[in-house]
Amino acid sequence: MHPIPCSGAGLLHSRIFSLLMGMRVSPPYYLSALLAAGWFRRLLHKPKPSSVESLKSSHSASSSPSSSSSSAKSSSSSPGMSLATSSISLSPVSAPDISASDSPRWDKSYDVCICHSEEDMELVEELVSYLEGQPESFRCFLQLRDAVAGSAVVTELCDAVQNSHCWVMLITPGFLQDPWCRYQMHQALAEAPMANGRTIPVLKDVDRKDYPRELRNIYYIYMALKEKSFRQIRDTVMRYLQELCQSSTKRME
């Protein structure tokens with residue numbers, strides 16, 4: 001019988017063979033012992049989990065050289081930038097031009113109708129001056145300035161509501177006591193019963209408990225600082241007109 005090479009698995013088999021021959025073990029048991037020895041050897045040389053993970057990592061790196069090279073290029077060209085930021089470029093969404101010639105803004109005569117009490121005329125004039133002085137030149141309806149002389153009050157109030165995109169309701173103690181203000185508020189709610197940004201309540205010197213029940217489903221602006229409240233009114237009107245332009249563009253597409 002030829003000797004088993006004495007290296008690696010052969011060395012182990014040779015030792016087991018010599019041991020079994022001395023014990024006079026039959027060949028079937030000898031084969032079982034050899035198989036057990038092979039299983040025992042594989043168990044002793046089983047790689048550790050860390051080694052397996054490192055092999056997976058190296059395999060992934062070798063299987064996608066293009067992705068690793070592109071990551072290296074992006075990281076080298078933009079130091080300190082995260083991978084997600086450098087590999088994904090987001091194109092800014094441009095706001096629609098509400099002053100374009102085909103803008104649905106021009107479908108109505110006014111951008112804003114100011115509903116107010118005569119007692120608050122000075123504050124209202126400041127608000128109108130602020131809005132009309134903006135780069136967008138918001139068109140405001142001011143009853144004492146824009147109402148047609150000789151027309152019925154009811155007609156003028158209804159026309160102002162229907163021909164305006166948004167309605168600013170300056171809710172003050174005088175507003176709550178003025179029946180015409182209440183009437184115009186109800187007309188605005190009838191024109192747009194859902195809270196879609198067109199009705200803009202502004203509270204001044206009025207407690208929360210006195211806020212009109214008809215407007216309870218609409219958020220209001222509380223006028224503590226006049227300049228800040230003016231900006232909020234301007235931003236709200238601007239946002240509605242932009243959304244109006246966007247929805248109009250989608251319908252055309």
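## A walk across the sheet and into the pocket

Start by selecting strand E1, where five of the six residues are buried, so that the strand is mostly covered, given that buried means under 20% relative accessible area. Before you go further, keep in mind that this is a predicted model.

**Stop 1: one side of E1.** Keep E1 (residues 110–115) on screen and add strand E2, residues 140–141. The two strands pair in the parallel sense, over two bridges. To see how they line up, show Cys113: opposite this residue, in E2, stands Phe141.

**Stop 2: on to E3.** Now add strand E3, which spans residues 164–171. E3 is mostly covered, with eight of its eight residues buried. Five bridges join E1 and E3, again in the parallel sense. A handy pair to label here is Cys115 and its bridge partner in E3, Met169.

**Stop 3: E4.** Next, select strand E4, residues 199–203. E3 and E4 pair over five bridges, and the sense is parallel. Highlight Trp167 and you can find its bridge partner, Thr199, in E4. Hold on to Thr199, as we will meet this residue again in the pocket.

While E4 is selected, click on Ile200, which lies in this strand. Is Ile200 buried or exposed? With a relative accessible area of 4%, Ile200 counts as buried, because the cut-off for that class is under 20%. Try a distance label too: the C-alpha atoms of Ile200 and Val168 are separated by 4.8 Å, although the two residues are 32 apart along the chain.

**Stop 4: the whole sheet.** Show the strands together. In what order do the five strands form the open sheet? The order is E2-E1-E3-E4-E5, and the pairing is parallel. At the edges you will find E2 and strand E5 (221–222), each of which pairs on one side only. If you switch on side chains, a general point helps: in a regular strand they alternate between the two faces of the sheet.

**Stop 5: the largest pocket.** Select Gly197, Thr199, Tyr219, Thr236 and Arg239 and centre your view there. Among the 15 residues that line the largest pocket, these five lie nearest its centre. The elements that give two or more residues to this lining are E4 and helix H11 (226–252). H11 supplies the largest share, four residues. As for volume, the pocket comes to about 290 Å³.

**Stop 6: a surface patch.** Finally, turn to the surface and select Val153, Val154 and Trp180. Together they make a nonpolar patch of about 250 Å². Trp180 is found in helix H10, residues 179–191. Why is Trp180 classed as partly exposed? Its relative accessible area is 42%, and partly exposed covers the range between the buried limit of 20% and the exposed limit of 50%.

Key:
Residues numbered from 1 in each chain as written. Predicted model: local features only at pLDDT ≥ 70, side-chain atom pairs only at ≥ 80, totals over all residues. Heavy atoms only, no water. Buried < 20%, exposed > 50% of the residue type's maximum accessible area, 1.4 Å probe, protein only. Pairing = 2+ DSSP bridges. Patch = residues over 30% accessible without salt bridge, like charges linked within 9 Å, V, L, I, M, F, W, Y side chains within 5 Å. Areas by Shrake-Rupley, 256 points an atom, 1.4 Å probe, with all protein chains shown as cover. Salt bridge = Lys/Arg side-chain N within 4 Å of Asp/Glu carboxyl O. 1 Å grid on protein atoms, 1.4 Å probe; cavity = no way out; pocket = protein on both sides within 12 Å on 5 of 7 lines; lining within 4 Å. Points joined across faces, edges and corners; volume = space filled by probe spheres on them.
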